[in-house]
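Biologist: I am new to this model. Could we go through it one question at a time?

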Amino acid sequence: MSNSYRDEITVHVPLDLDNTLNCGQTFRWNKINGEWHGVVNRQPLVLSMNTESKTIRIRSTSPEFRQQELAEGVKEYLGLNDSLGSIKASGINALKRGYAHFVKQFDEIFVPDTGIRLLRQDPWEMVVEYLLSTQMNITTIKKRIESLCELFKENKVSMDYNDYYLFPTRDQLAGIKEEDYRKLSFGYRSKWLKQLVEEMDINQLYQLKNQKLEKKLRFLTAFPGIGFKVANCVALFGFEDFRAFPVDVWISRFMEEFFSKSGNSEKLMVEGQRIFGDYCGYIQEYIFYYIRNRV
DNA sequence: GCCCAGGGGTAGT
DNA sequence: ACTACCCATGGG
């Protein structure tokens with residue numbers, strides 16, 4: 001049982017922890033007694049925000065965080081340096097080149113005060129989690145992922161009387177059989193994950209960071225179980241490639257309803273890029289939030 | 001029981 | 001290129 005190191009940040013830009021950590025871009029954060037509990041950079045991390053003083057309280061097991069001071073690391077992870085205003089302006093600019101009539105609606109969808117920010121997450125974790133996410137609702141995905149993490153008792157880390165499980169490494173998963181995945185109710189995804197763990201070169205995966213989106217997608221979609229939607233999620237949430245545009249059932253409905261566009265996730269990705277421009281991925285997250293929460 | 005879920009693979013047009 | 005169908009399983 002170890003005690004935590006603590007720090008604080010005062011934020012001067014829009015940020016909503018609830019919307020950011022509960023909007024479908026991440027699966028391993030849980031809110032307990034008003035605090036968000038997660039694991040980042042292989043350390044437990046607890047965040048809570050005082051919305052009046054605009055202060056984030058931080059707890060973690062180390063004063064260091066991705067070779068940075070804890071507070072700086074959290075700022076980086078939460079994407080607090082992203083300018084929501086510039087991203088919105090970029091989207092409006094793109095819309096004016098062909099869908100100017102949608103600008104007013106867009107203004108209601110991309111509301112910076114919603115405070116959603118794209119997290120800087122680990123690519124390997126994203127690959128595994130979004131491969132498992134196929135055709136499951138978010139509640140179920142979170143349960144399945146947690147059960148996978150809890151297979152590895154050696155990954156349990158304690159902090160301030162709470163337990164956290166680090167996400168399993170590729171080498172750890174190499175010892176898991178397809179039937180073990182089926183026992184975790186992974187269903188038909190079991191053989192995909194088994195094959196992914198056997199065949200994916202982790203170094204090649206991490207090298208995608210500096211590659212173009214098209215190259216990322218080509219590499220990722222070569223694996224069974226990773227199609228265009230999952231690959232775009234990895235590019236967006238694991239590599240901060242803001243030109244990625246994941247198309248799930250919700251985004252697909254949105255494209256049909258507001259732009260009369262239909263087709264598979266690859267075709268709609270291209271449409272999304274054309275309509276919303278270079279930050280279409282960031283914008284996609286606001287669309288996802290909007291379309292799922294409207295009355 | 002029913003429909004749905006941050007889809008993907010495959011076979012048949 | 002497009003469509004139809006199947007895949008496992010649990011949430012609501």
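Biologist: In which helix does Lys-88 lie?

Modeller: This is a predicted model, in which local features need pLDDT of at least 70 and side-chain atom pairs count only at pLDDT 80 or more, while totals for chains, interfaces and linings use all residues. Residues are numbered from 1 along each chain as its sequence is written, chains are lettered from A and ligands numbered from 1 in the order in which they are written, and side-chain values use heavy atoms, with hydrogens and water left out. Helices (H or I, at least four residues) and strands (E, at least two) are DSSP runs, numbered from the N terminus. By that count, Lys-88 belongs to the helix of residues 84-95, α3.

Biologist: Is Lys-88 buried or exposed?

Modeller: Buried stands for under 20% relative accessible area, exposed for over 50% and partly exposed for what is in between, with a 1.4 Å probe and protein chains only. Lys-88 has a relative accessible area of 13%. Because of that value, Lys-88 counts as buried.

Biologist: Which residues does Lys-88 touch, not counting those up to four places away in sequence?

Modeller: A contact here means heavy atoms within 4.5 Å. With residues up to four places away left out, Lys-88 touches Phe-106, Asp-107, Phe-110 and Pro-112.

Biologist: How many residues of α5 are buried?

Modeller: The helix α5 is largely enclosed by the rest of the structure. Its cover includes α6, α7, α9, α10, α11 and α12. Among the buried residues are Trp-124, Met-126 and Tyr-130, and the count is ten of the ten.

Biologist: Which residue caps the N-terminal end of α5?

Modeller: A polar contact is a pair of N or O atoms within 3.5 Å; within protein, one must be able to donate a hydrogen and the other to accept it, and residues adjacent in sequence count only if both atoms are side-chain atoms. At this end of α5, a side-chain oxygen lies 3.3 Å from the backbone nitrogen of Trp-124. The residue that carries this oxygen is Asp-122.

Biologist: Over what arc do the buried residues of α9 lie?

Modeller: In α9 (residues 189-199), the buried residues are Arg-189, Ser-190, Leu-193, Leu-196 and Val-197. They sit on the same side of α9 because the arc they cover, taken from the directions from the helix axis to the C-beta atoms, is only 130°.

Biologist: What do these buried residues of α9 pack against?

Modeller: The partners are three helices, spanning 123-132, 170-173 and 178-183. In order, they are α5, α7 and α8.

Biologist: How far from the side chain of Lys-191 is the backbone oxygen of Tyr-188?

Modeller: Lys-191 is a residue of α9, and it is partly exposed because its relative accessibility is 39%. A polar atom of its side chain and the backbone oxygen of Tyr-188 are separated by 3.4 Å.

Biologist: How many bridges join β3 to β4?

Modeller: Two strands pair if DSSP finds at least two bridges between them. Strand β3 (residues 35-40), with five of its six residues buried, pairs antiparallel with β2 over three bridges. It also runs antiparallel to β4 (residues 43-50), where His-37 stands opposite Val-46, and the bridges to β4 number five.

Biologist: Which residue in the turn between β3 and β4 has a positive phi?

Modeller: β3 and β4 form a hairpin with two residues between them. The phi in question is about 50°, and it belongs to Asn-41.

Biologist: Which helix gives the most to the surface near DNA strand C?

Modeller: Near means that a heavy atom of the residue lies within 4 Å. The residues around DNA strand C include Gln-135, Lys-143 and Arg-182, and sugar and phosphate make up 68% of the strand's atoms within 4 Å of the protein. With three residues, the helix that gives the most is α6.

Biologist: How far from a phosphate oxygen of DNA strand C is the side chain of Lys-143?

Modeller: Asn-137 has a polar side-chain atom 3.1 Å from a sugar or linking oxygen of this strand. For Lys-143, the distance from a side-chain N or O atom to a phosphate oxygen is 2.7 Å.

Biologist: How far is a backbone N or O atom of Gly-24 from a base nitrogen of DNA strand B?

Modeller: DNA strand B has 29 residues around it, and Gly-24 is among those that come nearest. The side chain of Gln-135 places an N or O atom 3.0 Å from a base nitrogen of the strand. For the backbone atom of Gly-24, the distance is 2.5 Å.
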